[in-house]
Amino acid sequence: MHDDVTTVSQLKDAIHAMCLKKGWGCETGVQNPQHVAMAMTVEMSELLEHFQWLDPDGVQVLLKGKDEKRKQKTAEE
């Protein structure tokens, strides 16, 4: 998805698909929007741990996929 061409509808569909994958909802919606928001915050925190103590150069190395071990761990999140 690219910011310049992604619609709100596409973002909603992607979020719903993620909720289904994680068991946070069903075909007709999510279990509870409050619980989903809290769960997404936890997931984001787990992702941010991989960036926490990196300097700007380290962030660029990770974003460009040049640190294979950290890239794999980040991809899992």
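Lys22 sits in helix H1, which covers residues 8-22, and in this predicted model its relative accessible area of 37% makes Lys22 partly exposed, because that value falls between the limits of 20% for buried and 50% for exposed. Between Lys22 and Gln10, which are 12 residues apart in sequence, the C-alpha to C-alpha distance is 18 Å.

**Overall fold and confidence**

Helix H1 belongs to a chain whose secondary structure amounts to 4 helices and 2 strands, arranged along the sequence in the pattern α-β-β-α-α-α. The mean pLDDT of the chain is 86, and 99% of the residues score at least 70. Confidence reaches its highest mean, 90, in helix H3, whereas strand S2, made of residues 29-30, has the lowest mean, 74. As a matter of reading such models, predicted coordinates should not be interpreted in detail where pLDDT is low.

The radius of gyration of the chain is 15 Å, while a compact globule of 77 residues would have a value near 11 Å. Taken along the principal axes, the C-alpha atoms fill a box of roughly 40 × 30 × 20 Å. Buried residues account for 10% of the 77 residues, and the chain exposes about 6,300 Å², of which carbon and sulfur atoms supply 56%. When contacts are restricted to residues at least 6 apart in sequence, 16% of them join residues at least 24 apart.

**Helix H2 and its N-terminal cap**

Helix H2 runs over residues 33-48, and its 16 residues should span 22 Å at 1.5 Å a residue; the end C-alpha atoms are 22 Å apart, so the expected span and the model agree. At the N-terminal end of H2, Asn32 acts as a cap, with a side-chain oxygen placed 2.8 Å from the backbone nitrogen of Gln34.

**The H2-H3 loop and helix H4**

Two residues of the loop between H2 and H3 can be described together with two residues of helix H4. His50 is located in that loop, as is Leu54, which precedes helix H3 at residues 56-63. Thr74, for its part, lies in helix H4, residues 68-76, and Glu76 also has its place in H4. Their relative accessibilities are set out below.

| Residue | Relative accessibility | Class |
|---|---|---|
| His50 | 15% | buried |
| Leu54 | 24% | partly exposed |
| Thr74 | 15% | buried |
| Glu76 | 59% | exposed |

With residues up to four places away in sequence not counted, His50 touches Leu62, Arg70, Lys73, Thr74 and Glu77. The contact between His50 and Thr74 appears again from the side of Thr74, whose contacts beyond its neighbours within four places are Leu47, His50, Phe51 and Leu62. Leu54, with neighbours within four places likewise left aside, is in contact with Val59, Leu62 and Arg70. Leu62 is therefore a contact of His50, Thr74 and Leu54 under the heavy-atom cut-off of 4.5 Å, and Arg70 is listed for both His50 and Leu54.

Thr74 counts as buried because its relative accessibility of 15% is under 20%, whereas Glu76, in the H4 helix as well, counts as exposed at 59%. Leu47, which is among the contacts of Thr74, can also be related to Glu76: the C-alpha atoms of Glu76 and Leu47 are separated by 8.7 Å, although the two residues are 29 residues apart along the chain.

Notes:
Residues are numbered from 1 along each chain as its sequence is written. This is a predicted model: local features need pLDDT of at least 70, side-chain atom pairs count only at pLDDT 80 or more; totals for chains, interfaces and linings use all residues. Side-chain values use heavy atoms; hydrogens and water are left out. The expected span of a helix is 1.5 Å times one less than its number of residues. A polar contact is a pair of N or O atoms within 3.5 Å; within protein, one must be able to donate a hydrogen and the other to accept it, and residues adjacent in sequence count only if both atoms are side-chain atoms. Buried means under 20% relative accessible area, exposed over 50%, partly exposed in between (1.4 Å probe, protein chains only). pLDDT is the predictor's confidence in each residue, from 0 to 100. The radius of gyration is taken over C-alpha atoms; the globule rule is 2.2 Å times the number of residues to the power 0.38. Accessible areas come from the Shrake-Rupley method with a 1.4 Å probe; for residues, only the protein chains shown count as cover.
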